[in-house]
Amino acid sequence: MPSLSLDLFCKVVDNFGDIGICWRLARQLQREHGIAVTLWVDDMRTFQRICPQVDTAVDRQLVDGVVVRHWANQDGEFAADDVADIVIEFFGCDIPPAYIAAMAVRPHRPVWLNLEGLSAEEWVEGCHSLPSRHPRLPLTKYFFFPGFTEKTGGLLYEAGLEAERRAYIADPVAVPAFLSSLGVTAAEAAAMKVSLFCYPYAPVAEVFAAWCAGGQAVTCLVPEGVASDAVAAFLEQPAVAGAVRSEGALTVRVLPFVPQQDYDKLLWSCDLNFVRGEDSWVRAQWAAKSFIWNIYAQDENLHHKKLRAFLQRYAAGSALDEFSLCWNGAGQGDWAGLWKALVTAMPEISAKSSEWQQKILANGDLATNLTKFCASLR
Ligand code: TRH
């Protein structure tokens, strides 16, 4: 039986999350579900940052089993034969009008999904899988929401991820070898290791000051390009890979921006991870370590509502809640006290993480849920 084909359209709005999520989903659908996936991406340079094999000069290429096509503009010509069995637009990106017209004349209409962003809010359950009829053409698009409950599409999670993580942390040489490949010295690795991925508006300088003055030695590992102004101010030099400086109990080291597949290893290697947006936030949940989430800011502080909805579901205790709220500008606190409380609570927070993993995995993984949903419509 010929395999199903799937076209996934990704517009890189800003940051890495959109392509990060689409690339992860594309690979998993191809590898674990045998689907012939074509990933259409408008911004090949951003894609190359997380996946160095991508050749930005090539319009069509095979990367890790996925056909990658440069989505240059909205003008392409498409015939019914060009349309895949399943068509996914990520986060409401407008796919080319000619492609939509070709979908409508395909003898067997494709399943058409809009893959939405992740939120822990309750309304998601009511919107997941809702249909929307095209105003003119005989086509129906369905909204597919990732989420934390059985009434949503679940979260991206590759088969074998937990086994890979366990093998990595159980291997006595893997963690030191990985950190050393990023330039981290043995002395730096002996301190509490914190990875830092956040938006430029996070209160990094304030937290650095608390770490400097704290009783706990901290090595903060920051991929290049993250919170560059605050990091450069601490370093007293440009925040480029390899730059490092210590003051008081804190050492800050700038790492190269790692390929996406190595980002998990960074999370697994650290004691505490600061993550942001969507994809790194989900990866931190699979890493079984304490994490602090920096949510993407929205107008009218809508993101504070989303943050609270997650913290309520996650229920890891007041130390994590208060630190997270302050980190996102939704609360005010004394950073030294917030940090002390978080460090004290970290063993308990990390211990609870496997319980959380079981809970969210009980809903199935997003790629599997998505293929089942498509099969129900075909
Ligand atoms: O880049 P982000 O801020 O993306 C965000 C969110 O997706 C948000 O929902 C969206 O609306 C907004 O963009 C426009 O954060 P996110 O989602 O964590 O994606 C980062 C990706 O980058 C993720 O796939 C991990 C990857 N990454 C690396 O590959 N190497 C690195 O060194 C780092 C720090 C991240």
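How far does a polar side-chain atom of Asp 279 lie from an oxygen atom of the ligand? In this predicted model, in which local features require pLDDT of at least 70, side-chain atom pairs count only at pLDDT 80 or more, and totals for chains, interfaces and linings use all residues, the separation is 2.6 Å. Residues are numbered from 1 along each chain as its sequence is written, and side-chain values rest on heavy atoms, with hydrogens and water left out.

The ligand is surrounded by 22 residues (each having a heavy atom within 4 Å of it), of which Tyr 199, Val 258, Arg 276, Asp 279 and Ser 280 come nearest. Besides the pair formed with Asp 279, an N or O atom in the side chain of Arg 276 is 2.8 Å from a ligand oxygen atom, and a backbone N or O atom of Gly 17 lies 3.0 Å from an oxygen atom of the ligand.

The largest nonpolar core comprises 80 residues, and those with the most contacts inside it are Phe 208, Trp 211, Phe 310, Phe 323 and Trp 327; such a core is a set of buried Ala, Val, Leu, Ile, Met, Phe, Trp, Tyr and Cys residues joined through side-chain atoms within 4.5 Å, where buried denotes under 20% relative accessible area, exposed over 50%, and partly exposed the range in between, with a 1.4 Å probe and protein chains only. Helix α14 (residues 335-361) gives the most to this core, with nine residues, helices being DSSP runs of H or I with at least four residues, numbered from the N terminus. Because both domain 1 (5-154 + 363-377) and domain 2 (161-361) give residues to the core, it lies between them; the domain bounds come from an automatic or database domain assignment. When neighbours within four places in sequence are left aside, Phe 323 is in contact (heavy atoms within 4.5 Å) with Val 207, Phe 274, Ile 292, Trp 335, Leu 338, Trp 339 and Leu 342. A second, separate core of 38 residues includes Cys 10, Val 12, Ile 50 and Tyr 142.

The structure holds zero disulfides, a disulfide being a pair of cysteine sulfur atoms within 2.5 Å. For Cys 22, which is in no disulfide, the nearest cysteine sulfur is that of Cys 10, 3.7 Å away, and Cys 22 counts as buried at 0% relative accessibility. Cys 51 is likewise in no disulfide, with the sulfur of Cys 10, the nearest from a cysteine, 13 Å away; Cys 51 is buried, with a relative accessible area of 3%.

Note on methods. Helices (H or I, at least four residues) and strands (E, at least two) are DSSP runs, numbered from the N terminus. A polar contact is a pair of N or O atoms within 3.5 Å; within protein, one must be able to donate a hydrogen and the other to accept it, and residues adjacent in sequence count only if both atoms are side-chain atoms.
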